[in-house]
Amino acid sequence: MKCAQFRTALSARLDGEPSGLPGTRLDKHLVRCPGCREWRERAERLRGQVWAIAADGPSPDWSARLLTRLGEEGPVGHAPPSGRAEER
Ligand SMILES: [Zn+2]
């Protein structure tokens, strides 16, 4: 099995969908494969963020930052869209 197949299954499992793989098989691979562990952590974090936004809307902190930014830059049309998360 390739990592990509495990990751597809992992993603399905995160969504609460049938992964098509026994969970033990997935977990065993995760133990052996640091790449997939990292991938899962990222996927879980991403999912957590999406759910948090869906449940509560953007955090006050996020809104404040956005407002500050809008205030600073003004409604200029030539700036590239800055909807992306900041690089870490
Ligand atoms: Zn892997």
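## Exercises on a four-helix chain

In this predicted model, buried residues account for 5% of the 88 residues in the chain. Here are some exercises to work through with the structure open.

**Exercise 1.** Work out what the secondary structure of the chain comes to, and in which pattern it runs.

*Solution.* Start with the tally: there are four helices and zero strands. Then read along the sequence, and you get α-α-α-α.

**Exercise 2.** Take helix α1, residues 3-14, and compare its reach with the expected span.

*Solution.* Step one: α1 has 12 residues. Step two: the expected span uses 1.5 Å times one less than the number of residues, which gives 16 Å here. Step three: from the first C-alpha of α1 to the last, the helix reaches 16 Å, close to that expectation.

**Exercise 3.** Find the buried residues of α1 and say on which side of the helix they sit.

*Solution.* First pick them out: Phe6, Ala9 and Leu10 are the buried residues of α1. Next look around the axis: they cover an arc of only 105 degrees, so they lie on the same side of α1. While you're there, check what follows α1: glycine 16, with a positive phi near 80 degrees.

**Exercise 4.** Place arginine 47 in its helix, then decide whether it is buried, partly exposed or exposed.

*Solution.* Arginine 47 belongs to helix α3, residues 34-56. Now count: it has 13 C-beta neighbours inside 10 Å. Buried needs 20 or more and exposed means 12 or fewer, so arginine 47 counts as partly exposed.

**Exercise 5.** Give the C-alpha separation between arginine 47 and aspartate 15.

*Solution.* Along the chain the two are 32 residues apart. In space, their C-alpha atoms are separated by 8.8 Å.

Key. Residues numbered from 1 in each chain as written. Predicted model: local features only at pLDDT ≥ 70, side-chain atom pairs only at ≥ 80, totals over all residues. Helix = DSSP H or I, 4+ residues; strand = E, 2+ residues; numbered from the N terminus. Arc of directions from axis to C-beta.
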